[in-house]
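Open the model in your viewer, and keep the sequence panel beside it, so that each selection can be followed in both places. The tour goes from stop to stop, with a selection to make at each one.

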Amino acid sequence: MPYPQFPSNFLFGAATAAFQIEGSPTADGKGKSIWDVYSHTRGKIRTGENADITCETYRNPERDLALMTELGLNAYRFSISWSRVLPNGRGQVNQKGLDYYCRLVDLLLERGITPFITLFHWDTPQALQELCGGFAGRDTAYYFADYAEVVVKALGDRAKNWITLNEPLEHCAFGYLLGDLAPGHHNPWEYIRAAHHQLLGHGLALERIHAASPDSRVGLTLSLTPIFPATSQPKDIAAAHVANQFFNDFFLDGVFKGSYPDPFWSKIRLVRPSVKTDDMKIISQPMDFLGVNYYSREFARAAWNVPLLGFWVDETQVNHREQVVNGRQYTNFGREIYAPTFYDTLMRLKNEYGNPTMYITENGASFTDVVENGEVHDPLRIAFLESYMEAAAQAIRDGVNLHGYFIWSLMDNFEWQQGFSKRFGLVYVDHATQQRIIKDSGRWVAKMIRGQGLPKSGQ
Ligand code: FCB
């Protein structure tokens with residue numbers, strides 16, 4: 001099988017998030033996060049599971065590191081649990097929590113793996129949720145910047161790549177509007193406040209990180225989802241335009257242009273927050289890179305019954321098993337496998353947003369993996385990765401400023417409201433025994449990295 005060709009200094013990594021892998025929710029003085037609360041609320045996790053153990057990474061980070069070395073990764077994206085470092089989200093620092101991340105960074109560096117650290121991957125400290133509504137409250141943006149400074153002061157001498165937020169769209173839209181992620185609210189006022197305050201928090205943190213560690217590189221990770229009209233009717237075309245602004249351009253325009261896009265911004269005038277004089281300046285300060293999470297395209301249509309926004313995105317063909325519908329292969333998350341729009345998205349960032357330095361900070365797929373004689377054969381994941389990585393390699397050849405690719409995920413983990421039912425890993429994890437098995441796709445990735453002649457230790 002041919003391997004996609006990347007430049008020789010390209011970073012190949014895998015991504016994870018604290019809540020999804022760490023477990024040990026109360027160890028060493030950790031405070032609760034909204035995900036600890038949400039995942040223990042009856043009926044919220046589809047499988048009834050929780051993440052109290054998950055991959056046991058907090059207890060044993062070395063086990064994950066050995067896997068990274070075996071896969072030949074030269075970069076690793078992980079997130080820090082805010083409430084491990086600041087159990088109340090602000091104030092008193094929990095040194096033991098901070099020490100854990102210092103040790104993790106040291107372990108990575110010893111193995112020649114470059115850390116990319118996400119400061120917020122959806123797990124707001126519960127104390128701040130109670131104090132001011134999490135990011136729906138403006139104060140949280142300022143507490144977030146304080147927290148970022150605490151972390152960067154402790155790690156910034158060794159770790160140089162920082163991602164302020166992961167996917168503000170998902171946290172805000174699914175957490176505050178659609179109720180599918182923590183904190184599980186259905187409130188349009190909170191949703192748009194949270195979105196604005198997340199971007200404000202990003203801008204404030206960016207300043208503080210640069211001040212604390214001048215040679216650090218700071219970026220923001222957005223999930224980008226190209227939206228197509230479900231039909232050629234003008235009303236669906238108009239709906240897709242608004243949907244695109246809701247999913248993508250609200251965040252892209254905010255950080256790259258310092259404004260929010262119309263008609264979306266006008267449509268939500270009844271619920272939107274007041275934007276203070278300097279907010280957009282703070283939000284749109286130049287950042288060092290954009291992190292792109294890419295999963296699939298979606299189709300939107302006009303929906304008279306959706307207040308303010310007037311669109312709905314077609315239900316993906318989920319019935320929780322991978323299937324082919326109308327000649328197209330879907331993952332068991334119901335996501336269509338279709339790499340051309342990934343290429344188009346990267347080209348759009350080049351042409352419309354000034355070709356920023358970029359990293360793919362997440363891309364991957366879940367399938368129904370089974371263990372057969374101690375092995376996991378996942379040809380669909382290999383085909384997926386091959387087509388998406390080839391699209392990225394083509395985008396680089398066409399001038400896109402892309403420097404690294406983090407596969408979601410290093411290993412099977414707690415997939416939010418889907419519990420352990422969705423496996424995205426390059427490594428299979430039996431969460432009851434903590435046994436790990438490198439899947440065929442993991443071996444494919446290891447070979448691909450070796451094939452590029454990349455130094456194993458990333459020097
Ligand atoms: C992304 C999240 C990540 C993981 C993948 C499958 O939206 O950032 O934590 O759940 O989806």
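Two residues are said to touch, or to be in contact, when heavy atoms of theirs lie within 4.5 Å. Keep in mind throughout that this is a predicted model.

**Stop 1: the barrel**

Select the strands β1, β2, β3, β4, β5, β7, β12 and β15, which in this order close into a barrel of eight strands with parallel pairing. Neighbouring strands of this sheet are turned against each other by 25 degrees on average, if direction is ignored.

Now narrow the selection to β3, residues 114-120, where six of the seven residues are buried, so that the strand is mostly covered. On one side, β3 runs parallel to β2 (residues 75-79) and is joined to it by five bridges; here you can find Tyr76 standing opposite Pro115 of β3. A further partner of β3 is β4 (residues 161-166), also parallel, with four bridges between the two, and in this pairing Thr118 stands opposite Ile163 of β4.

Next, move to β12 (residues 358-362) and β15 (residues 402-408), a parallel pair joined by two bridges. Within this pair, Met358 has Leu402 of β15 as its bridge partner.

**Stop 2: helices against the sheet**

Add helix α13 to the view: it packs on the sheet and touches β5 (217-224), β7, β12 and β15, while its direction makes about 160 degrees with that of β7. Then select helix α7, residues 139-155, which lies across β3 and β4 and runs at about 155 degrees to β3.

Return to α13 (residues 340-352) and show helix α10 (residues 234-257) with it; the axes of these two helices come within 13 Å and cross at roughly 35 degrees. Which residues make the contact between them? From α10 they are Asn244, Asp249, Leu252 and Lys257, and from α13 they are Arg348, Leu349 and Glu352. Coloured by class, the contact of α10 with α13 shows two nonpolar, one polar and four charged residues.

**Stop 3: one residue of β7**

Select Leu290, which has its place in strand β7 (residues 289-294). Is Leu290 buried or exposed? Its relative accessible area is 0%, and because buried means under 20%, Leu290 counts as buried. Leaving out residues up to four places away in sequence, Leu290 touches Leu220, Leu222, Leu252, Phe256, Leu349, Pro356, Thr357, Met358 and Tyr359. Two names in that list, Leu252 and Leu349, already appeared in the contact of α10 with α13.

**Stop 4: the nonpolar cores**

In soluble globular proteins, nonpolar side chains tend to be buried together. In this model, the largest nonpolar core has 150 residues, and Trp35, Leu155, Phe246 and Leu346 are those with the most contacts inside it. Choose Leu155 and display what surrounds it: apart from its neighbours within four places in sequence, Leu155 is in contact with Ile80, Tyr101, Cys102, Val105, Ile117 and Trp162. Another core, of five residues, lies apart from the largest one, and it includes Ala141, Ala145, Leu200 and Ile282.

**Stop 5: an enclosed helix and the loop after it**

Select helix α8, residues 168-177, which is largely enclosed by the rest of the structure because nine of its 10 residues are buried. Among the buried residues are Pro168, Glu170, His171 and Tyr176. After α8 comes Gly179, whose phi is positive, near 75 degrees. Further on, in the loop between α8 and α9 (188-212), you reach Pro183, and the peptide bond from Ala182 to Pro183 is cis, with omega near 10 degrees.

**Stop 6: unusual backbone angles in other loops**

Go to Ser409, in the loop between β15 and β16 (427-430); the peptide bond leading to it from Trp408 is cis as well, with omega near 15 degrees.

End with Asn373 and Gln434, which can be selected together. Asn373, in the loop between β13 (371-372) and β14 (375-376), has a positive phi near 50 degrees although it is not a glycine. Gln434, in the loop between β16 and β17 (435-438), is likewise no glycine and has a positive phi of about 65 degrees. Their surroundings differ: Asn373 counts as exposed at 83% relative accessibility, whereas Gln434 is buried, with a relative accessible area of 8%.

Methods:
Residues are numbered from 1 along each chain as its sequence is written. This is a predicted model: local features need pLDDT of at least 70, side-chain atom pairs count only at pLDDT 80 or more; totals for chains, interfaces and linings use all residues. Side-chain values use heavy atoms; hydrogens and water are left out. Buried means under 20% relative accessible area, exposed over 50%, partly exposed in between (1.4 Å probe, protein chains only). Two strands pair if DSSP finds at least two bridges between them. Axes are lines fitted to C-alpha atoms, for helices over the stretch in contact, and angles run from 0 to 180 degrees between N-to-C directions. Ala, Val, Leu, Ile, Met, Phe, Trp, Tyr, Cys and Pro count as nonpolar, Asp, Glu, Lys and Arg as charged, and the others, Gly among them, as polar. A nonpolar core is a set of buried Ala, Val, Leu, Ile, Met, Phe, Trp, Tyr and Cys residues joined through side-chain atoms within 4.5 Å.
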